[in-house]
Amino acid sequence: MIANIGFGLLIISLTVSVVAIILAIYGGVTKSAVMVESSRRASLITFPLLSLALIGLIILLITDRFEYVYVYQTSDALMPLYLKIAAVWGGQEGSLLFWCWLLSGFSFATLIKKDKTNSDLIPWVIAVTSFVTLFFLYLVLFFENPFFRFFVDMQGEVIKSLFQPLYTLQATPDQGLGMNPLLRHIGMVVHPPMLYIGFTGFVIPYAYAIAALIEGRIDSEWIKITRKWTLIAWVFLTIGLVLGSRWAYDVLGWGGYWAWDPVETSALMPWLTGTAFLHSNTGQQKRGIFKHWNVSLIILTFCLVILGTFLTRSGMLSSVHAFSESEIAPLFFGFIAIMLIASAVLLGWRWNLLRSDFSTGSFFSRESLYLFNNLIFISIFLICLVGILFPIFSELVTGQQITVGPPFYEKAAGPLFALLLLIMGVVPLSGWSVKSGKSLGRQLWKPFLVSLLLPLVLIISGVRGWFALLGLWVVFLSVCTTLYDYARSIILHSKRLKISPWRSSVRMTLNNRRRYGGYIVHLGVALMGLGIIGIEFFQTQTQALVRQDESIEIAGYTLTYRGLTIEETTDGREVAVADVQVVKDGREIAALHPAREYFYVSDQAVTRPGVRSTLADDLYVVLADWLPVTSEGATFKVYHNPLVKWLWIGTFVLVFGTLLALFPTDARRVKDTSLAKGVE
Amino acid sequence: MFCQNIISRIKVSNRNHMTDQETKKSVKKFKANKFLIGGVVMAAAVILLVVTSLKGSAQYYLTVDELVSGAAGRNTNIRVSGVVIGDSIQYDPYSLTLSFTVANIPADNQEIEAAGGLARVLHEAAVDPDVKRINVVYHGERPDLLKDEAQAILTGSLGEDGVFYADELLLKCPSRYEESVPDQVQP
């Protein structure tokens, strides 16, 4: 019953999307406000409809209706409630429905308030968002339907079907297969929705860019309107990527967080172009430059979003993420081709309109630095693209599939990331349209000298490795310059308004949320860089089989194996937990409990590392194996990961900064803002 | 000295009989060139970076069949995909040495689809004694997903003893979560 209603709702949503597209295009061409308004309402209704369909699927999942194929494949009766709900995005069908729902949610949020000043853009925005929704709904309805059930025919063959075929009986398995045990982690429960919100959110700036192209609007209105949505999409995409890394760190038990797995890389690609877009659109808003570039970037980003969704969902690439290959591959390729070609044709048609005077002045002006920043982001993106496509191309050319592993990405993209950090450090001190590097040099020398202290101290204290030192220095330089610029502004501001520096800092930050939100995001990125350098350059590891009360030594820690307990849980797991005592400088500082869980239903083991995490380092212990008589010994793999916690802390800082930048500026404070601008 | 300087300056300014417009244009041209050169230098640097990084990390993707028949040559960086034979898995917890056997499966996705999907191909390859097999040795933890009929993607090199020494294991169990039908259903 629920499924039939759900299916009916999907059919209605599909029809409504088609209607919305037709009305919107008609309204857009004839400039008929009535038609546009009708299409707006049609588009708005998709979100409630899809919400109901999604709720239907959730009800099926939490009530353990295993006669439904999707419920059978992704859930089981023993799973806790939150995992049953998370099963919505645990499989192909559900996640595509979830995608549609998010997409309609974003267009709902954009269109709910009538925008009278840009009414010419609205019909095209509706047409684009509805078209994308339509494509995904089409996939859900005709290829990946989550509402299929099991039936058995007279021969005892099991049939999957939406409606009961003739001469069959409904079949109900008494237990589902359950969610893959590896995915039963809070990071993995939250990671897909975050990533999907990030992915789908880019539809709004994309739709507005297309609308602006169609209408031939050369102003930057589309960027201003969609800034909020771009930031939201970007921050969710960032959170999604980091959560995925965190999950890998916590669950996969190999002591790392990022493997340059093709699917990870394909999710990183829209982030790279999206981040480039976030920067270059500032150039257009402040200086009216990069107009072609911005449109191209958002088109590229959205196509990469679709490509990323497709690659995760299709099994085209060999990866831990892959689901089995399905027939939707050609459809996805077709869809991406349509989006790309149509967008490119539009862009070509409006190319001359978008011409802008690019007078960058010096290499060291802010315009140039934005340009470099963008070129580097694009270079890293191209490196990722080369890495992903290399197996396919090499097979075409040589008949031999050649893949590239993480070393390729690290070697090729690593130096560019360092360069990005360097530019990030310099940018706050640069000026728009300056003619030479002199003014930048005048501003930079103080924080530059201070920043040199860090590598000096590190070298004296015995840290070696030029690349690591260089990386740490660049991180520290960007922290120094950002703080320097901030402190300098505060001092000026407080002197001018004759208030205390403390009050001044709060007021100035709140009044320039965009600028200082950006600063905080940059600090967050620098901290993340610190964490990444820590684990990439200074990770050490060891492994050993130890008897009870024997020890392993690593990086000044002594780990002693105290025993192992094996227990059966009520939800179908066998859990082996080791007791490991950690001693440093003769003091016991922690007891770690690395574990290994075995899931009977899915016949799969899952490693749960024991981690002691501090600001300085992580001690990461994996229980690899044990002897039948557990006191005789157990095997551990131990990793020492310096500074990695800063990766997670930096993410929090980044999210905070983005939220600050997102908050609309209060109109009452405008007077004060203008004062602060004087300071800038 | 000072005078000379001024004189030479005057000379220079005399030599340039450009109008304001021309100067502007040439400045603009110079600027455009400057950025063009900058862009070219950067593109070259990136290409160089990609090429040098590719050299060190290219891995040849082979099937077990190709590996056994000597297609690997002297390549030390090979990626091979096969199906794990469950009975062959041995783990020595003292040295953390894992050894198992993988059997050949086709590398081409379309071929796999035509043969009835990955799960089926894996199953058939694992039970068929005529399919080419190769022994694999790996040092490290025993991966959670290593079990009978899992697809293993191994990275490493072929030893002279005909054993594949893997540096990295990637395992997939496709059958369990997709394309699966319950064994027993209750009408």
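Begin by selecting helices α13 and α14 of chain A in this predicted model, and look along the pair to see that α13(A) passes α14(A) in a left-handed crossing. Helix α13(A) covers residues 366-398 and helix α14(A) residues 406-426, and the two pack at an angle of about 165° with their axes 10 Å apart. An angle over 145° counts as roughly antiparallel, and therefore α13(A) is described as roughly antiparallel to α14(A). To see the contact itself, show side chains on both helices: on the α13(A) side the residues involved include A:Leu369, A:Phe372, A:Ile376, A:Ile380 and A:Ile383, together with A:Gly387, while α14(A) contributes, among others, A:Phe408, A:Tyr409, A:Ala412, A:Leu416, A:Leu420 and A:Ile423.

Next, select A:Phe302, which belongs to the largest nonpolar core, a set of 156 residues. Within that core, A:Leu10, A:Phe136, A:Trp222 and A:Phe302 touch the most other members. Leaving aside residues up to four places away in sequence, the contacts of A:Phe302 are with A:Val132, A:Phe199, A:Phe202, A:Val203, A:Tyr206 and A:Met339. Apart from this core lies another, of 32 residues, which can be located by selecting B:Leu67, B:Phe100, B:Ala152 and B:Leu171, all among its members.

With those residues of chain B on screen, colour the whole of chain B by secondary structure, where 5 helices and 6 strands should appear. Followed from the N terminus, the elements come in the order α-α-β-α-β-β-α-α-β-β-β. Chain B has 187 residues, of which 40% count as buried, and among its contacts with a separation of 6 or more, 58% are between residues 24 or more positions apart.

Return to chain A and select β1, β2 and β3, which form an open, antiparallel sheet of 3 strands in the order β2-β1-β3. Strands β2 (158-161) and β3 (168-170) are at the edges and have a single partner strand each, so one side of each is left without a neighbour in the sheet. The twist from one strand to the next averages 40°. Strand β1, residues 149-153, is joined to the antiparallel β3(A) by 3 bridges, and a convenient place to inspect this pairing is A:Asp153, which stands opposite A:Thr168 in β3(A).

A second sheet in chain A can be shown by selecting β5, β12, β13 and β14: these 4 strands form an open sheet in the order β5-β14-β13-β12, again with antiparallel pairing. Here the edge strands are β5 (540-546) and β12 (610-613), and each has a single partner strand, so that one side of each has no neighbour in the sheet. The twist averages 15° from one strand to the next. Between β5(A) and β14(A), residues 634-642, the antiparallel pairing extends over 7 bridges, with A:Leu545 opposite A:Thr635 in β14(A). Add helix α18(A), residues 513-538, to the selection: α18(A) packs on the sheet by touching β5 and β14, and its direction makes about 130° with that of β14(A).

The last stop is A:Arg573, found in strand β8 of chain A, residues 573-584. Is this residue buried or exposed? With buried meaning under 20% relative accessible area, A:Arg573 counts as buried because its relative accessibility is 19%. Its contacts, not counting residues up to four places away in sequence, are A:Glu567, A:Glu568, A:Glu597, A:Tyr598, A:Phe599 and A:Tyr600. To finish, draw a line from the C-alpha atom of A:Arg573 to that of A:Ser161, 412 residues apart along the chain, and the separation is 33 Å.

Conventions. Residues numbered from 1 in each chain as written. Chains lettered and ligands numbered in written order. Predicted model: local features only at pLDDT ≥ 70, side-chain atom pairs only at ≥ 80, totals over all residues. Heavy atoms only, no water. Pairing = 2+ DSSP bridges. Axes fitted to C-alpha atoms, helices over the stretch in contact; angles between N-to-C directions. Core = buried A, V, L, I, M, F, W, Y, C linked by side-chain atoms within 4.5 Å. Buried < 20%, exposed > 50% of the residue type's maximum accessible area, 1.4 Å probe, protein only. Contact = heavy atoms within 4.5 Å. Parallel < 35°, antiparallel > 145°, perpendicular 65-115°, else oblique. Left-handed = near helix turned anticlockwise from the far one by under 90°.
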